[in-house]
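Hi everyone, thanks for coming. I'd like to walk you through a structure that is probably new to most of you, so let me put it up on the screen.

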Amino acid sequence: MTRAFVFPGQGAQTIGMGKALAEAYPAAQAVFDEVDEALGEKLSSLIWEGDIADLTLTQNAQPALMTTSMAAMRALEAEGVSVTDAAFVAGHSLGEYSALAAAGALSVADTARLLRTRGQAMQSAVPVGEGAMAAILGLDLEAVRAVAEQAAQGEVCQAANDNDPTQVVVSGSKAAVERAAEIAKEKGAKRAVMLPVSAPFHCALMQPAADVMADALAAVEIKAPVVPLVANVRAEAVSDPDLIRQLLVEQVTGSVRWRESVQYMAAQGVTETWEIGAGKALSGMIRKIDRAIAGKAVGTPDDVQNVVQAES
(Lines give C-alpha, C1' and ligand atoms only; values in the text may rest on other atoms or scores of the structure.)
Protein backbone atom coordinates (compact mmCIF):
# COMPACT_ATOMS: atom_id res chain seq x y z
CA MET A 1 0.00 0.00 0.00
CA THR A 2 1.48 3.33 -1.08
CA ARG A 3 0.63 6.16 1.27
CA ALA A 4 0.60 9.96 1.21
CA PHE A 5 0.41 12.28 4.21
CA VAL A 6 -1.88 15.26 3.56
CA PHE A 7 -2.29 18.39 5.68
CA PRO A 8 -5.47 20.49 6.05
CA GLY A 9 -5.96 24.14 5.22
CA GLN A 10 -7.94 27.01 6.66
CA GLY A 11 -11.46 26.20 7.80
CA ALA A 12 -10.51 23.08 9.74
CA GLN A 13 -9.79 25.00 12.96
CA THR A 14 -11.72 24.22 16.15
CA ILE A 15 -11.23 25.30 19.74
CA GLY A 16 -9.44 22.50 21.63
CA MET A 17 -7.75 20.96 18.62
CA GLY A 18 -4.53 19.15 19.49
CA LYS A 19 -5.05 19.39 23.26
CA ALA A 20 -5.56 15.66 23.77
CA LEU A 21 -2.45 14.98 21.66
CA ALA A 22 -0.41 17.34 23.83
CA GLU A 23 -1.72 15.68 26.99
CA ALA A 24 -0.95 12.19 25.68
CA TYR A 25 2.41 12.83 23.99
CA PRO A 26 5.22 15.02 25.38
CA ALA A 27 6.55 15.41 21.82
CA ALA A 28 3.21 16.90 20.76
CA GLN A 29 3.21 19.29 23.72
CA ALA A 30 6.73 20.35 22.70
CA VAL A 31 5.41 21.52 19.32
CA PHE A 32 2.89 23.85 20.98
CA ASP A 33 5.66 25.15 23.29
CA GLU A 34 7.99 25.72 20.34
CA VAL A 35 5.38 27.69 18.42
CA ASP A 36 4.46 29.78 21.49
CA GLU A 37 8.13 30.67 21.85
CA ALA A 38 8.61 31.37 18.13
CA LEU A 39 5.64 33.77 18.04
CA GLY A 40 6.29 35.29 21.46
CA GLU A 41 2.73 34.61 22.60
CA LYS A 42 0.58 31.77 23.93
CA LEU A 43 -1.05 30.67 20.70
CA SER A 44 -1.70 27.35 22.48
CA SER A 45 -4.04 29.12 24.92
CA LEU A 46 -6.02 30.60 22.05
CA ILE A 47 -6.21 27.19 20.33
CA TRP A 48 -7.33 25.33 23.43
CA GLU A 49 -9.39 27.85 25.41
CA GLY A 50 -9.89 30.90 23.20
CA ASP A 51 -12.74 32.33 21.16
CA ILE A 52 -13.40 30.71 17.78
CA ALA A 53 -13.73 34.15 16.14
CA ASP A 54 -10.18 35.00 17.26
CA LEU A 55 -8.84 31.60 16.22
CA THR A 56 -10.47 31.96 12.80
CA LEU A 57 -8.58 35.21 12.07
CA THR A 58 -6.24 34.27 9.23
CA GLN A 59 -3.09 35.32 11.10
CA ASN A 60 -4.02 32.92 13.93
CA ALA A 61 -5.69 30.08 12.04
CA GLN A 62 -2.71 29.49 9.76
CA PRO A 63 -0.01 28.89 12.41
CA ALA A 64 -2.57 27.16 14.67
CA LEU A 65 -3.50 24.54 12.08
CA MET A 66 0.16 23.89 11.27
CA THR A 67 0.91 23.47 14.99
CA THR A 68 -1.89 20.93 15.37
CA SER A 69 -0.71 19.02 12.30
CA MET A 70 2.85 18.91 13.59
CA ALA A 71 1.66 17.78 17.02
CA ALA A 72 -0.11 14.85 15.33
CA MET A 73 3.03 14.13 13.30
CA ARG A 74 5.17 14.06 16.44
CA ALA A 75 2.66 11.73 18.12
CA LEU A 76 2.93 9.37 15.15
CA GLU A 77 6.72 9.53 15.35
CA ALA A 78 6.55 8.69 19.05
CA GLU A 79 4.70 5.52 18.02
CA GLY A 80 7.31 4.61 15.43
CA VAL A 81 5.68 6.05 12.29
CA SER A 82 7.98 8.27 10.21
CA VAL A 83 7.17 10.74 7.45
CA THR A 84 9.35 8.51 5.28
CA ASP A 85 6.62 5.87 5.54
CA ALA A 86 4.80 8.08 3.02
CA ALA A 87 5.65 8.34 -0.67
CA PHE A 88 4.51 11.99 -0.81
CA VAL A 89 3.41 14.87 1.38
CA ALA A 90 0.87 17.46 0.24
CA GLY A 91 -1.17 20.19 1.88
CA HIS A 92 -4.11 22.41 0.99
CA SER A 93 -2.93 26.04 0.80
CA LEU A 94 -1.40 26.73 4.26
CA GLY A 95 -1.25 22.94 4.66
CA GLU A 96 1.62 22.97 2.18
CA TYR A 97 3.71 24.63 4.89
CA SER A 98 2.69 21.92 7.37
CA ALA A 99 3.70 19.30 4.81
CA LEU A 100 7.12 20.92 4.38
CA ALA A 101 7.64 21.09 8.14
CA ALA A 102 6.67 17.43 8.47
CA ALA A 103 9.15 16.52 5.71
CA GLY A 104 11.97 18.44 7.38
CA ALA A 105 12.23 21.17 4.73
CA LEU A 106 11.31 23.91 7.23
CA SER A 107 11.79 24.12 10.99
CA VAL A 108 8.60 24.33 13.07
CA ALA A 109 9.64 27.74 14.44
CA ASP A 110 10.31 29.17 10.97
CA THR A 111 7.05 27.68 9.67
CA ALA A 112 5.06 29.31 12.49
CA ARG A 113 6.63 32.71 11.83
CA LEU A 114 6.12 32.37 8.06
CA LEU A 115 2.46 31.49 8.51
CA ARG A 116 1.89 34.39 10.92
CA THR A 117 3.45 36.69 8.30
CA ARG A 118 1.45 35.02 5.52
CA GLY A 119 -1.80 35.35 7.43
CA GLN A 120 -1.21 39.03 8.22
CA ALA A 121 -0.13 39.77 4.65
CA MET A 122 -3.10 38.00 3.09
CA GLN A 123 -5.47 39.76 5.49
CA SER A 124 -4.08 43.23 4.77
CA ALA A 125 -3.68 42.80 0.98
CA VAL A 126 -7.33 43.71 0.36
CA PRO A 127 -9.46 45.99 2.59
CA VAL A 128 -12.15 44.05 4.47
CA GLY A 129 -15.36 43.93 2.45
CA GLU A 130 -13.76 44.53 -0.95
CA GLY A 131 -12.98 40.87 -1.73
CA ALA A 132 -14.94 37.63 -1.50
CA MET A 133 -14.85 33.92 -2.26
CA ALA A 134 -17.66 31.57 -3.29
CA ALA A 135 -17.84 27.79 -3.59
CA ILE A 136 -19.48 26.67 -6.83
CA LEU A 137 -21.00 23.21 -6.41
CA GLY A 138 -21.86 20.98 -9.34
CA LEU A 139 -19.78 22.55 -12.13
CA ASP A 140 -16.33 21.38 -13.21
CA LEU A 141 -13.19 23.51 -13.42
CA GLU A 142 -13.54 24.52 -17.07
CA ALA A 143 -17.16 25.56 -16.57
CA VAL A 144 -16.25 27.63 -13.48
CA ARG A 145 -13.36 29.29 -15.32
CA ALA A 146 -15.82 30.36 -18.01
CA VAL A 147 -18.21 31.67 -15.33
CA ALA A 148 -15.39 33.63 -13.65
CA GLU A 149 -14.34 35.17 -16.96
CA GLN A 150 -17.92 36.22 -17.73
CA ALA A 151 -18.38 37.64 -14.22
CA ALA A 152 -15.14 39.62 -14.07
CA GLN A 153 -16.28 42.62 -16.17
CA GLY A 154 -12.96 44.36 -15.66
CA GLU A 155 -12.60 43.23 -12.04
CA VAL A 156 -10.70 40.25 -10.62
CA CYS A 157 -12.56 36.93 -10.57
CA GLN A 158 -10.61 33.67 -10.74
CA ALA A 159 -10.96 29.96 -10.03
CA ALA A 160 -8.98 29.78 -6.80
CA ASN A 161 -9.39 26.25 -5.41
CA ASP A 162 -10.09 23.23 -7.61
CA ASN A 163 -11.06 21.09 -4.63
CA ASP A 164 -12.80 18.07 -6.16
CA PRO A 165 -14.98 17.23 -9.19
CA THR A 166 -18.03 18.77 -7.51
CA GLN A 167 -16.52 21.91 -5.94
CA VAL A 168 -14.49 24.80 -7.37
CA VAL A 169 -14.00 28.02 -5.38
CA VAL A 170 -13.87 31.43 -7.08
CA SER A 171 -12.08 34.41 -5.57
CA GLY A 172 -11.76 38.10 -6.35
CA SER A 173 -13.54 41.44 -6.10
CA LYS A 174 -16.74 41.16 -4.07
CA ALA A 175 -19.12 42.33 -6.80
CA ALA A 176 -17.50 40.07 -9.40
CA VAL A 177 -17.67 37.01 -7.14
CA GLU A 178 -21.34 37.76 -6.39
CA ARG A 179 -21.98 37.96 -10.14
CA ALA A 180 -20.15 34.65 -10.60
CA ALA A 181 -22.38 33.00 -8.00
CA GLU A 182 -25.51 34.10 -9.91
CA ILE A 183 -24.12 33.18 -13.34
CA ALA A 184 -23.03 29.75 -12.03
CA LYS A 185 -26.59 29.00 -10.89
CA GLU A 186 -27.89 30.05 -14.32
CA LYS A 187 -25.33 27.67 -15.90
CA GLY A 188 -26.61 24.72 -13.88
CA ALA A 189 -24.59 24.79 -10.65
CA LYS A 190 -26.39 22.98 -7.83
CA ARG A 191 -25.43 25.72 -5.39
CA ALA A 192 -23.17 28.76 -5.16
CA VAL A 193 -22.23 29.54 -1.58
CA MET A 194 -20.51 32.76 -0.48
CA LEU A 195 -17.75 31.72 1.95
CA PRO A 196 -17.23 33.29 5.39
CA VAL A 197 -13.63 34.36 4.68
CA SER A 198 -11.89 37.60 5.54
CA ALA A 199 -10.02 38.02 2.26
CA PRO A 200 -10.06 36.79 -1.38
CA PHE A 201 -7.32 34.18 -1.25
CA HIS A 202 -5.51 32.65 -4.25
CA CYS A 203 -6.25 35.36 -6.80
CA ALA A 204 -4.42 38.33 -8.33
CA LEU A 205 -5.63 40.66 -5.55
CA MET A 206 -3.19 38.82 -3.25
CA GLN A 207 -0.11 40.15 -5.11
CA PRO A 208 0.88 42.45 -2.20
CA ALA A 209 0.91 39.37 0.06
CA ALA A 210 2.97 37.44 -2.49
CA ASP A 211 5.54 40.24 -2.42
CA VAL A 212 5.71 40.07 1.38
CA MET A 213 6.14 36.28 1.27
CA ALA A 214 8.90 36.52 -1.33
CA ASP A 215 10.92 38.56 1.17
CA ALA A 216 9.99 36.37 4.15
CA LEU A 217 10.81 33.12 2.35
CA ALA A 218 14.13 34.51 1.09
CA ALA A 219 15.20 34.93 4.71
CA VAL A 220 14.65 31.32 5.88
CA GLU A 221 16.50 28.09 5.21
CA ILE A 222 14.58 25.57 3.13
CA LYS A 223 16.09 22.08 2.92
CA ALA A 224 15.21 19.35 0.46
CA PRO A 225 12.19 17.53 1.95
CA VAL A 226 12.91 13.91 2.90
CA VAL A 227 9.68 13.01 1.07
CA PRO A 228 8.68 14.81 -2.17
CA LEU A 229 6.07 17.56 -1.90
CA VAL A 230 3.15 17.55 -4.35
CA ALA A 231 2.91 21.31 -4.83
CA ASN A 232 -0.42 23.15 -5.02
CA VAL A 233 0.41 25.24 -8.07
CA ARG A 234 2.10 22.46 -10.07
CA ALA A 235 0.08 19.38 -9.01
CA GLU A 236 3.31 17.37 -9.26
CA ALA A 237 6.17 16.33 -6.97
CA VAL A 238 8.98 18.77 -6.22
CA SER A 239 12.03 18.47 -3.97
CA ASP A 240 14.38 21.31 -4.99
CA PRO A 241 14.52 23.94 -2.20
CA ASP A 242 14.80 26.91 -4.60
CA LEU A 243 11.83 25.70 -6.61
CA ILE A 244 9.81 25.12 -3.43
CA ARG A 245 10.57 28.69 -2.32
CA GLN A 246 9.39 30.02 -5.70
CA LEU A 247 6.22 27.92 -5.69
CA LEU A 248 5.28 29.06 -2.16
CA VAL A 249 5.34 32.63 -3.46
CA GLU A 250 3.33 31.71 -6.56
CA GLN A 251 0.85 29.85 -4.36
CA VAL A 252 -0.39 33.10 -2.75
CA THR A 253 -1.95 34.33 -6.00
CA GLY A 254 -2.18 30.95 -7.78
CA SER A 255 -4.84 28.28 -7.79
CA VAL A 256 -4.80 25.38 -5.33
CA ARG A 257 -4.90 22.45 -7.76
CA TRP A 258 -6.02 19.92 -5.16
CA ARG A 259 -8.06 17.67 -7.47
CA GLU A 260 -5.14 17.35 -9.88
CA SER A 261 -2.69 16.85 -7.00
CA VAL A 262 -4.68 13.86 -5.75
CA GLN A 263 -4.97 12.49 -9.29
CA TYR A 264 -1.19 12.86 -9.66
CA MET A 265 -0.56 10.91 -6.46
CA ALA A 266 -3.03 8.21 -7.54
CA ALA A 267 -1.21 7.91 -10.86
CA GLN A 268 2.04 7.40 -8.90
CA GLY A 269 0.44 4.46 -7.07
CA VAL A 270 -0.92 6.13 -3.90
CA THR A 271 -3.76 4.03 -2.49
CA GLU A 272 -4.10 5.55 0.99
CA THR A 273 -3.95 9.04 2.50
CA TRP A 274 -3.53 10.03 6.13
CA GLU A 275 -4.95 13.48 6.91
CA ILE A 276 -2.60 14.76 9.60
CA GLY A 277 -4.12 17.34 11.96
CA ALA A 278 -7.54 18.93 12.38
CA GLY A 279 -10.71 17.71 10.71
CA LYS A 280 -11.55 15.43 7.81
CA ALA A 281 -12.25 17.90 4.99
CA LEU A 282 -9.44 16.69 2.74
CA SER A 283 -10.46 13.06 3.19
CA GLY A 284 -13.94 13.98 1.97
CA MET A 285 -12.52 15.72 -1.10
CA ILE A 286 -10.18 12.82 -1.86
CA ARG A 287 -13.08 10.34 -1.71
CA LYS A 288 -14.89 12.39 -4.38
CA ILE A 289 -11.74 12.60 -6.53
CA ASP A 290 -10.80 8.90 -6.43
CA ARG A 291 -12.85 6.34 -4.53
CA ALA A 292 -9.99 3.82 -4.81
CA ILE A 293 -7.94 5.87 -2.33
CA ALA A 294 -8.60 4.99 1.32
CA GLY A 295 -8.57 8.04 3.60
CA LYS A 296 -7.76 8.11 7.32
CA ALA A 297 -7.89 11.13 9.64
CA VAL A 298 -5.13 11.39 12.26
CA GLY A 299 -5.93 14.19 14.69
CA THR A 300 -6.45 12.60 18.10
CA PRO A 301 -4.59 10.08 20.30
CA ASP A 302 -7.24 7.47 19.39
CA ASP A 303 -6.63 8.14 15.69
CA VAL A 304 -2.89 7.69 16.24
CA GLN A 305 -3.44 4.40 18.06
CA ASN A 306 -5.83 3.16 15.38
CA VAL A 307 -3.46 3.74 12.49
CA VAL A 308 -0.48 2.36 14.42
CA GLN A 309 -2.38 -0.81 15.39
CA ALA A 310 -3.50 -1.25 11.78
CA GLU A 311 0.17 -1.19 10.79
CA SER A 312 1.25 -3.88 13.25
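I'll begin with one residue, Arg287. Is Arg287 buried or exposed, or something in between? It's partly exposed, with a relative accessible area of 47%. You'll find Arg287 in helix H13, which covers residues 281-289. And Arg287 has company: together with Lys190, Lys288 and Arg291, it makes up a patch of positive charge on the surface.

Before I go on, please keep in mind that this is a predicted model.

Okay, let's zoom out. How many helices and strands does the protein chain have? There are 14 helices and 10 strands. The radius of gyration is 18 Å, and the globule rule gives 20 Å for 312 residues, so the chain is as compact as a globular protein of that length. If you draw a box around the C-alpha atoms along the principal axes, you get roughly 55 × 45 × 35 Å. As for what's hidden inside, buried residues account for 56% of the 312 residues.

A nice example of that is helix H6, residues 95-102. Here 8 of the 8 residues are buried, so the helix is largely enclosed by the rest of the structure. That set includes Gly95, Glu96 and Tyr97.

Now look at either side of H6. Ahead of the helix, in the loop between strand E2 (88-91) and H6, sits Ser93. Ser93 has a positive phi of about 60 degrees, although it is not a glycine. Why mention that? Because most residues other than glycine have a negative phi. Ser93 also counts as buried, at 12% relative accessibility. Just after H6 there's another positive phi, about 80 degrees, at Gly104.

There's a further case in His202, which isn't a glycine but has a positive phi of about 55 degrees. Look for His202 in the loop between strand E6 (191-194) and helix H10 (207-218). With a relative accessibility of 3%, His202 counts as buried.

Next up, salt bridges. Side chains of opposite charge can pair when their charged atoms come close. This structure holds 15 salt bridges, and I've picked a few to show you.

Let's take Arg116 and Glu41. Their closest N and O atoms are 3.0 Å apart, and they form a salt bridge. What does this pair tie together? Arg116 is in helix H7 (residues 108-125), while Glu41 is in the loop between helix H2 (26-39) and helix H3 (43-49), so the bridge joins parts that are 75 residues apart in sequence. The two partners don't sit in the same kind of surroundings, either: Arg116 counts as buried at 10% relative accessibility, whereas Glu41 counts as partly exposed at 33%.

Then there's Arg259 with Asp162, where the closest N and O atoms of the salt bridge are 2.9 Å apart. Arg259 belongs to helix H12 (residues 258-267) and Asp162 to strand E4 (residues 157-164), so this pair ties together parts that are 97 residues apart in sequence. Both of these residues are buried.

For a pair with another setting, try Arg234 and Glu236, with 3.8 Å between the closest N and O atoms of their salt bridge. Arg234 is partly exposed at 32% relative accessible area, and Glu236 is partly exposed too, at 34%. And salt bridges can link up: Arg3, Glu272, Lys296 and Glu311 are joined in a network of them.

Last stop, a few distances across the model. Tyr25 sits in the loop between helix H1 (19-24) and H2, and it's buried, with a relative accessible area of 9%. How far apart in space are Tyr25 and Ala72? They're 9.2 Å apart, C-alpha to C-alpha, with their positions 47 residues apart in sequence.

Val169, in strand E5 (residues 167-173), is buried at 3% relative accessible area. The C-alpha atoms of Val169 and Pro127 are 20 Å apart, and the two residues are 42 residues apart along the chain.

Finally, Lys185 in helix H9 (residues 174-186) counts as partly exposed at 41% relative accessibility. From the C-alpha of Lys185 to that of Arg74 is 44 Å, and along the chain they're 111 residues apart.

That's the tour, thanks for listening!

Note on methods:
Residues are numbered from 1 along each chain as its sequence is written. This is a predicted model: local features need pLDDT of at least 70, side-chain atom pairs count only at pLDDT 80 or more; totals for chains, interfaces and linings use all residues. Side-chain values use heavy atoms; hydrogens and water are left out. Patches are made of residues with over 30% relative accessible area and no salt bridge: like charges are joined within 9 Å, nonpolar side chains (Val, Leu, Ile, Met, Phe, Trp, Tyr) within 5 Å. Accessible areas come from the Shrake-Rupley method with a 1.4 Å probe; for residues, only the protein chains shown count as cover. A salt bridge is a side-chain nitrogen of Lys or Arg within 4 Å of a carboxyl oxygen of Asp or Glu. Lys and Arg count as positive and Asp and Glu as negative; His and the chain ends are not counted. The place of a charge is taken as NZ of Lys, CZ of Arg, CG of Asp or CD of Glu. Helices (H or I, at least four residues) and strands (E, at least two) are DSSP runs, numbered from the N terminus. Buried means under 20% relative accessible area, exposed over 50%, partly exposed in between (1.4 Å probe, protein chains only). The radius of gyration is taken over C-alpha atoms; the globule rule is 2.2 Å times the number of residues to the power 0.38.
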